[in-house]
Amino acid sequence: MRGVMRLVTARAGLVPSRPWRFDKSPAGGLPRVRIGHAPLDLGRLDEVLRAVEGLVTGGQGGRILLPDVEQVVRAERDEVLRSALATAELSLAGGPEMIRAAGRLGVPALALEPRTGAQWLPPLAALARERAWRVVVVAERPKLSEWAAGALRDRYGLLAVGVAAPDVPADGRGPWVDTLIDRIELTRPDLVWVSMDTPKQELFCQHAASRLHGAVLLGVGSAMESLLDGRGGARARGALRSPWRWLLQRLAFQRVLAHARAT
């Protein structure tokens, strides 16, 4: 079934008005639903942060993705992206549309944490500072990695370095990518924040996670720019996306939701 996947869980504070069943996320056992082919993990901020901390301190590494409308629509026809999304240890809402979509599919309001995309990043940065985690910022947009790493150092006191990745292939692999990952590994990171376009970002994270033993990769996309506090955000984004592309994605997203509700 491509709609909401169901498996009984009991969680303190989660008491739906009717019996409801969820999958569980691989990390932290958070309730997990599916928006089309994209998983979405549900939990309060403290629960999500505990799940992230468990990934980091467990030493096994892993991936945290923030799927949004674009990923959901692409995953309908892109089997490689679909696999990358499905196997992430944590999958958090990358935009408000994902929260609204879960509600439209019947997920009880008590299960929905109204935090999306960039809203997860400041609390996560604060946790990283408290735990003295080493952070690497990898971005393909010009100067974004340096700006974001500087923001993490200045605003949160993190041990953060930026690594530019302007020439990563569309499949997130290749000799140059392996050299890039070797450079990242030299810093012995606990968290690697990755900002690239979809599906390159998700495929790079999947490949890098298999080579960066113990590091947790976080695919943040354009949410990375929220850390800049107005410095260079517009330059990092570049040209605005076509309004026609935006409209077509929303229409395709509505079709995915209609099919999920029907099944």
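This passage describes the predicted model of the protein, from its overall make-up to selected helices, loops and surface residues.

The protein has 10 helices and nine strands. Of its 263 residues, 54% count as buried. Contacts were also considered by separation along the chain: among those with a separation of 6 or more, 72% are between residues 24 or more positions apart. The protein exposes about 12,000 Å², and carbon and sulfur atoms supply 54% of this area.

Two helices were examined for their length. Helix α1 comprises the 14 residues 45-58, and at 1.5 Å a residue these should span 20 Å. The expected span is 1.5 Å times one less than the number of residues. The end C-alpha atoms of α1 are 20 Å apart, which agrees with this expectation. The buried residues of α1 are L45, E47, V48, L49, A51, V52, E53, L55 and V56. These buried residues pack against several elements, namely the strands β4 (62-65), β5 (90-91), β8 and β9 (216-219), together with helix α5 (121-131). Just after α1 comes G59, which takes a positive phi of about 75 degrees.

Helix α6 was treated in the manner of α1. Its 13 residues, 144-156, should span 18 Å at 1.5 Å a residue, and the distance of 17 Å between its end C-alpha atoms agrees with that value. The buried residues of α6 are L144, S145, A148, A149, G150, A151, L152 and Y156. The helix is followed by G157, whose phi is positive, near 65 degrees.

The loop between β6 (134-139) and α6 contains K143. Although K143 is not a glycine, its phi is positive, at about 70 degrees. K143 counts as exposed because its relative accessibility is 55%, the cut-off for this class being over 50%. A positive phi is also found at R188, again not a glycine, with a value of about 50 degrees. R188 is placed in the loop between α7 (175-186) and β8. With a relative accessible area of 58%, R188 is therefore classed as exposed.

The loop between β8 (191-195) and α8 (200-209) holds P199. A cis peptide bond joins T198 to P199, and its omega is about 5 degrees.

A further loop, between β1 (23-24) and β2 (31-35), contains S25. S25 has a relative accessible area of 5% and so is buried, since buried means under 20%. The side chain of S25 reaches the backbone oxygen of A27 at 2.7 Å. When neighbours within four places in sequence are left aside, S25 is in contact with L30, R32, D41, E89 and L90.

On the surface, a nonpolar patch of about 260 Å² is made by L247, L248 and L251. Of these residues, L251 is found in helix α10, which covers residues 243-262. L251 is classed as partly exposed because its relative accessible area is 43%, a value that falls between the limits of 20% for buried and 50% for exposed residues.

Definitions and conventions: Residues are numbered from 1 along each chain as its sequence is written. This is a predicted model: local features need pLDDT of at least 70, side-chain atom pairs count only at pLDDT 80 or more; totals for chains, interfaces and linings use all residues. Side-chain values use heavy atoms; hydrogens and water are left out. Patches are made of residues with over 30% relative accessible area and no salt bridge: like charges are joined within 9 Å, nonpolar side chains (Val, Leu, Ile, Met, Phe, Trp, Tyr) within 5 Å. Accessible areas come from the Shrake-Rupley method with a 1.4 Å probe; for residues, only the protein chains shown count as cover. A salt bridge is a side-chain nitrogen of Lys or Arg within 4 Å of a carboxyl oxygen of Asp or Glu. Helices (H or I, at least four residues) and strands (E, at least two) are DSSP runs, numbered from the N terminus. Buried means under 20% relative accessible area, exposed over 50%, partly exposed in between (1.4 Å probe, protein chains only). A polar contact is a pair of N or O atoms within 3.5 Å; within protein, one must be able to donate a hydrogen and the other to accept it, and residues adjacent in sequence count only if both atoms are side-chain atoms. Contact means heavy atoms within 4.5 Å.
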